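Here is a short walk through a two-chain model, written for someone with the viewer open. Take it slowly and turn the structure as you read.

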Amino acid sequence: MSPNPRTSSPADLHEVVVTVNGVTRSARVPARRLLSDMLRHDLRLTGTHVGCEHGVCGACTVLLEGEPIRSCLTFAVMVDGARITTVEGLAGPDGELGPVQRAFRECHGLQCGFCTPGFLLLTTELLSRSPEPADDEIVDALGGNLCRCTGYVNIVRSVRRAAELAREQPS
Amino acid sequence: MKPPPFVYHRPASVEEATRLLAELRDEAKIVAGGQSLVPLLNFRLAAPAHLVDINGITGLDRLGWADGAVEVGATVRHSRLLREREVAAAHPLLVEATGWIAHPVIRNRGTVCGSLAHADPAAELPAVLALLDGGVEAVSWRGGSQASRRVPAAELFAGPLQTTLEVDELVVAAYFPTLAAGTGWAVEELARRHGDYALAGIVLTVTVDGEGKPTSGRAAYLSCAPTPVVVDIGPALGGGGGGAGSATVYDLVASSLDPTDDIHATAVYRRHLAATLTVRALDRALSRARTGTQPPQPELAAVSDAMAAPTAASSDGGAER
């Protein structure tokens with residue numbers, strides 16, 4: 001529903017309810033709150049990283065209804081009611097790393113780790129629709145994200161390894 | 001940076017949305033995918049007092065085939081064009097061009113109509129719309145009732161990020177005419193990094209007769225001018241096309257375009273690039289036209305079914321997963 005355009009203020013708060021990693025969470029946020037900031041500041045899920053804040057670096061990538069999106073280019077109020085997966089949702093309940101996370105650790109798919117949450121979520125989504133991706137498929141899926149440490153070679157290797165781990169041990 | 005404050009509106013119908021736009025005029029911006037608008041807000045290059053989110057409007061996610069054109073509703077995202085087989089069959093050119101847009105993650109949110117209304121001269125879809133003489137349907141609320149008009153591509157693009165749409169108009173659908181039999185097509189572009197805006201890009205169609213001789217051809221260019229530029233390459237085809245005729249095509253294109261220098265490329269390089277891409281695109285398009293590799297037109301029934309599919313299912317990405 002739309003508010004009365006003349007009596008509403010940009011400071012008005014909106015109740016946003018989302019299911020994050022299977023848990024229903026809510027926050028009262030101004031309209032201009034980016035999804036990345038709602039996750040980090042309001043819900044205290046600081047695994048989602050904010051790099052460039054204009055859609056170039058991909059560090060803030062999360063899954064919205066299973067599809068990867070840039071959370072810094074999405075207003076929280078626009079995804080009210082949606083299902084979201086963040087990097088916190090990739091580990092098991094006891095904190096044990098998921099197959100994608102283990103593969104990145106094994107293959108040195110990260111150094112400083114800043115970009116890693118985005119790459120982990122892209123990889124998770126890629127493997128969910130393509131369990132044995134070809135190298136060019138991997139590059140196409142991950143090509144929109146930036147890593148300044150690894151030179152990407154080990155990231156691609158990590159994705160291949162994650163595919164193996166996922167096949168060995170289906171979650 | 002953080003976006004400037006704004007009042008958020010989520011109308012539930014086109015009527016509600018257009019009434020809002022009629023009241024708010026240039027204080028409001030429409031948001032669908034936000035993949036171009038939100039960066040502008042985060043950079044504080046735009047600071048609209050109101051944002052009108054059209055994602056809550058049912059019926060704007062139509063994707064189908066009407067009157068010889070693929071109709072794309074205002075909330076249809078790029079990724080859906082790439083996913084639905086009916087669209088690939090009905091309009092392979094549109095689908096190939098869409099595949100050049102940014103990265104998959106951006107295509108998951110960005111919308112076709114949003115790209116057209118944003119009118120970035122470096123974007124693919126405005127060039128496709130211009131090449132095909134397509135258009136958009138714009139609705140507004142005027143004098144107590146809803147008004148609607150069809151704006152052809154030739155009248156739509158006014159400059160960089162500028163259209164001739166009025167501030168109270170909402171684009172509800174875009175129409176991309178499909179290709180006739182015997183017509184081949186190609187998309188070519190060059191960017192420094194995969195997924196970046198192209199230094200120059202081309203969308204081209206060429207039609208051949210029963211003997212495989214080209215009879216007409218058109219090309220539309222992106223990143224070469226403030227708006228998409230359409231060039232009739234017919235005069236340079238001379239019955240040969242490609243091979244021997246390619247020098248003429250190069251010259252025709254190079255003399256038709258007047259790009260400018262910027263930080264990404266010089267005008268001279270851009271002109272050369274656009275002409276070279278044209279020669280390449282023409283080769284591919286001719287071979288597609290001659291071998292008839294463009295998929296046949298879809299059967300009306302099949303696509304009508306796609307159009308009639310419940311909109312709720314297709315608007316909810318989660319339902320397909």
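Two strands count as paired if DSSP finds at least two bridges between them. Strand 13 of chain B and strand 14 (residues 229-232) of chain B meet that mark, with four bridges in the antiparallel sense. Keep in mind that what you are looking at is a predicted model.

**The hairpins of chain B**

Stay with strand 13 of chain B for a moment. In its pairing with strand 14 of chain B, B:Ala219 sits opposite B:Val231. These two strands make a hairpin with six residues between them, and B:Ser223 in the turn has a positive phi of about 65°.

Strand 13 (residues 214-222) of chain B also pairs with strand 12 (residues 200-208) of chain B, again antiparallel, over eight bridges. Here B:Ile202 has B:Tyr221 of strand 13 as its bridge partner. Strand 12 and strand 13 of chain B form a hairpin too, this one with five residues between the strands; its turn holds B:Gly212, with a positive phi of about 85°.

Here are the two turns side by side:

| Hairpin (chain B) | Residues between the strands | Turn residue with positive phi |
|---|---|---|
| Strand 12 and strand 13 | five residues | B:Gly212, about 85° |
| Strand 13 and strand 14 | six residues | B:Ser223, about 65° |

**The parallel sheet of chain B**

Now swing over to the start of chain B. An open sheet of three strands runs in the order 1-3-2, with parallel pairing. Strand 1 and strand 2 (28-31) of chain B are the edge strands, each pairing on one side only. From one strand to the next, the twist averages 25°.

Strand 1 and strand 3 of chain B are joined by three bridges in the parallel sense. Look for B:His9, which stands opposite B:Val52 in strand 3 of chain B. Helix 1 of chain B packs on this sheet and touches strand 1, strand 2 and strand 3 of chain B; its direction makes about 165° with that of strand 3.

Zooming out, chain B has 13 helices and 14 strands. Of its 321 residues, 52% are buried. Among contacts in chain B between residues at least 6 apart in sequence, 66% join residues at least 24 apart.

**Where chain B touches chain A**

The two chains meet through 36 residues of chain B and 32 residues of chain A. On the chain B side, the elements giving two or more residues are strand 1 (7-9), helix 1 (14-24), helix 2 (37-42), strand 3 (50-53) and helix 6 (104-107). Which of them gives the most? That would be helix 1 of chain B, with four residues. By class, the chain B side comes to 17 nonpolar, 12 polar and seven charged residues.

**Inside chain A**

Chain A has its own internal contact to look at. Its domain assignment gives domain 1 (13-89) and domain 2 (99-168), and the centres of the two, taken over C-alpha atoms, are 21 Å apart. In this contact, 16 residues of domain 1 of chain A meet 11 residues of domain 2 of chain A. On the domain 1 side, strand 3 (61-64) and strand 4 (67-70) of chain A each supply at least two residues. Strand 3 of chain A gives the most to that side, with three residues. The domain 1 side divides into seven nonpolar, eight polar and one charged residues.

Key:
Residues numbered from 1 in each chain as written. Chains lettered and ligands numbered in written order. Predicted model: local features only at pLDDT ≥ 70, side-chain atom pairs only at ≥ 80, totals over all residues. Contact = placed C-beta atoms within 7 Å. Nonpolar A, V, L, I, M, F, W, Y, C, P; charged D, E, K, R; others polar. Axes fitted to C-alpha atoms, helices over the stretch in contact; angles between N-to-C directions. Buried ≥ 20, exposed ≤ 12 C-beta atoms within 10 Å, placed from the backbone. Domains from an automatic or database assignment.
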